[in-house]
Amino acid sequence: MSVQRRLLPNISALAAFEAVARLGSFTAAAQELDLTQGAVSRQIKLLEDQFGRRLFERDSRNVRLSTSGEIYAEAVRSALGQLRDAALGLMSNRHSGMLNLAILPTFGTRWLMPMIPDFVENNPDITINFVTRVGRFDFARERLDAAIHYGLPDWPEADSTLLVRETVAPVVSPEFLAGRAIAAPADIGRLPLLHMATRPGAWTEWFEHQGLSAPTGPGMQFEQFGTAGNAQKIKPLPVAEMAKRYKSGSLDPKFG
């Protein structure tokens with residue numbers, strides 16, 4: 001066998017290896033791949049014989065990756081993912097352009113998705129692939145072309161364009177507000193606060209804007225606004241209702 005051939009294992013063997021490494025079971029891998037357990041074992045042995053390395057440690061009850069297997073599994077997982085992406089691109093986008101776009105979950109769902117049908121109709125030669133990302137990421141490593149994100153325009157090796165500005169105001173569900181007296185910003189500091197992963201300093205900035213120190217107690221943490229809005233049946237107070245309460249004095253106008 002030539003050196004080049006030895007370095008290019010059978011794709012079926014790689015698929016079997018990745019499945020066993022991920023599932024930790026020859027039986028589970030066989031079920032996922034619709035093969036017999038013996039067939040999966042033969043594929044793994046084929047790889048081990050080809051490389052002269054033991055990829056799994058086996059006993060009567062468990063199977064686990066060897067040190068060499070752990071290193072190889074990470075590379076195989078990445079390579080198979082790239083092959084799947086390439087195959088999907090060939091099947092879905094043979095003669096057109098492709099845009100891999102990262103979006104914030106709630107913003108993408110509520111603001112961007114309603115516009116996509118018109119975009120697709122007017123740009124039939126462009127296929128957009130969406131992934132959700134909350135924190136920062138490496139464009140090159142994740143093979144993403146662009147992102148709609150929140151924050152400062154200070155990402156390395158990226159060009160930033162401001163789409164919209166954000167107005168931040170505290171909101172509360174009518175059910176939670178009922179029976180609780182909120183007459184001034186300081187009253188909010190005594191209530192349980194919900195924190196967003198993408199806005200870690202939002203409450204601190206808001207309280208400082210009111211001339212107050214931010215509460216230091218713990219609060220519930222969320223990655224998505226949609227999840228935060230659904231927590232404990234929380235529903236944002238409508239703007240009309242907030243204005244009504246401002247006029248009645250039950251909410252301070254500085255809240256906005």
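Begin by selecting R143, which is found in the loop between α8 (139-142) and β5 (146-148); the model you have open is a predicted one. The phi of R143 is near 55°, a positive value in a residue that is not glycine. Colour the residue by accessibility and R143 comes out as partly exposed, because its relative accessible area is 39%, which falls between the limits of 20% for buried and 50% for exposed.

Next, select E157, whose place is in the loop between β5 and α9 (174-177). Here too the backbone has a positive phi in a residue other than glycine, with a value near 55°. The relative accessibility of E157 is 87%, so this residue counts as exposed, the limit for that class being over 50%.

Now zoom out to the whole chain. The protein chain has 13 helices and seven strands, and buried residues make up 29% of its 256 residues. If you draw the contacts with a sequence separation of 6 or more, 60% of them join residues that lie 24 or more positions apart.

From this overview, go to helix α4 (residues 37-51), which serves as the base for the next several stops. Placing a distance between the end C-alpha atoms of α4 gives 22 Å, which agrees with the 21 Å that its 15 residues should span at 1.5 Å a residue. The buried residues of α4 are A39, V40, I44, L47, E48, Q50 and F51. Just after the helix, select G52, which takes a positive phi of about 70°.

Keep α4 displayed and add helix α2 (residues 11-23), which packs against α4 at an angle of about 105°, with the two axes 8 Å apart. That angle makes α2 roughly perpendicular to α4, since values from 65 to 115 degrees are placed in that class. To show the contact itself, select S12, A13, L14, A16, F17 and V20 on the α2 side, and V40, Q43, I44, L46 and L47 on the α4 side. Sorted by class, the residues of this contact are nine nonpolar and two polar, with no charged residue.

Then add α3 (26-33), whose axis comes within 8 Å of the axis of α4 and crosses it at roughly 105°. Accordingly, α3 is roughly perpendicular to α4. In this contact, F26, T27, A29 and A30 of α3 meet Q37, V40, S41 and I44 of α4, and the residues divide into five nonpolar, three polar and no charged.

Which residues does A30 contact, leaving aside its neighbours within four places in sequence? Select A30 in helix α3, and the partners to display are L35, T36, Q37 and V40. A30 counts as buried because its relative accessibility is 5%, where the limit is under 20%. A distance drawn from A30 to S41, C-alpha to C-alpha, reads 9.1 Å, and the two are eleven residues apart in sequence.

Return to α4 and select I44, which touches A16, F17, V20, F26, F56 and R58 when residues up to four places away in sequence are not counted. I44 is also one of the residues that touch the most other members of the largest nonpolar core, a set of 21 residues; the others are F17, V20, V40, L47 and F56. At least two residues of this core are supplied by each of α2, α3, α4, β2 (63-65) and α5 (67-92), and the largest share, seven residues, comes from α2. In soluble globular proteins, nonpolar side chains tend to be buried together.

Another core, of eight residues, lies apart from this one, and to find it you can select I182, W203, W206 and F207, which are among its members.

For the last stop, select A184, whose place is in the loop between α9 and α10 (185-188). Is A184 buried or partly exposed? With a relative accessibility of 27%, A184 counts as partly exposed. Finally, draw the C-alpha to C-alpha distance from A184 to Q210, which is 9.7 Å across a separation of 26 residues in sequence.

Conventions. Residues are numbered from 1 along each chain as its sequence is written. This is a predicted model: local features need pLDDT of at least 70, side-chain atom pairs count only at pLDDT 80 or more; totals for chains, interfaces and linings use all residues. Side-chain values use heavy atoms; hydrogens and water are left out. Axes are lines fitted to C-alpha atoms, for helices over the stretch in contact, and angles run from 0 to 180 degrees between N-to-C directions. Helices (H or I, at least four residues) and strands (E, at least two) are DSSP runs, numbered from the N terminus. Angles under 35 degrees count as roughly parallel, over 145 as roughly antiparallel, 65 to 115 as roughly perpendicular and the rest as oblique. Contact means heavy atoms within 4.5 Å. Ala, Val, Leu, Ile, Met, Phe, Trp, Tyr, Cys and Pro count as nonpolar, Asp, Glu, Lys and Arg as charged, and the others, Gly among them, as polar. A nonpolar core is a set of buried Ala, Val, Leu, Ile, Met, Phe, Trp, Tyr and Cys residues joined through side-chain atoms within 4.5 Å. Buried means under 20% relative accessible area, exposed over 50%, partly exposed in between (1.4 Å probe, protein chains only). The expected span of a helix is 1.5 Å times one less than its number of residues.
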